[in-house]
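Work through the following exercises with the sequence and the model in view. Each task is followed by a solution that goes step by step.

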Amino acid sequence: MERQILNLSGKFALIFSLSALLTVVGCSDNGAHKETAKTSEHRMMHDETTLRLVIRWPGDDFASRQDIETRDKIQHLISERKVGKIISAGTGMGWMDIVIKVKDRQAARSSISQIMRTAAPARKFAIE
């Protein structure tokens, strides 16, 4: 019985050692930095051409039919005024957002602010 316990503890030690070795090898920094830098660089270039319109309302209720209609109106005006291409839109509890691909961030910010004053003058919003 004592021999079986020693045998099991030996197997456990071997498994533990191998998993620790794989963790260290898996976390090595060999060559991965260049790939990470390229990914970050690509993400920065992508972010330079996108804006995120975040709209908030009081409380943490789900979006009402009126909230969804307001979002649809905002999206329609963004498309109609050719501010940019809508990439995605979402609604959470107490907020909604619209992500827009734009050519000129400053011009788009101005247009979006104007659209918000027209479509939802009482809503708090941020352009990120």
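Helices (H or I, at least four residues) and strands (E, at least two) are DSSP runs, numbered from the N terminus. This is a predicted model, in which local features need pLDDT of at least 70 and side-chain atom pairs count only at pLDDT 80 or more, while totals for chains, interfaces and linings use all residues. Residues are numbered from 1 along each chain as its sequence is written, and side-chain values use heavy atoms, with hydrogens and water left out.

**Exercise 1.** Compare the expected span of helix H3 with the distance between its end C-alpha atoms, and find the phi of Lys82.

*Solution.* The expected span is 1.5 Å times one less than the number of residues. For the 16 residues of H3 (65-80) this gives 22 Å, and because the end C-alpha atoms are 22 Å apart, the two values agree. Just after H3, Lys82 takes a positive phi of about 55°.

**Exercise 2.** Determine which residues of H3 are buried (under 20% relative accessible area, with exposed over 50% and partly exposed in between; 1.4 Å probe, protein chains only).

*Solution.* The buried residues are Asp67, Thr70, Arg71, Ile74, Gln75, Leu77 and Ile78. They cover an arc of only 160° around the axis (taken from the directions from the helix axis to the C-beta atoms), which puts them on the same side of H3. On the other side, Arg65 and Gln66 are exposed.

**Exercise 3.** Identify what covers the buried residues of H3, and list the contacts (heavy atoms within 4.5 Å) of Ile74.

*Solution.* The cover includes strands S1 (50-56), S2 (85-92) and S3 (95-101), together with helix H4 (105-119). Not counting residues up to four places away in sequence, Ile74 touches Leu53, Ile55, Ile98, Ile115, Met116, Ala119 and Ala120.

Technical notes:
Contact means heavy atoms within 4.5 Å.
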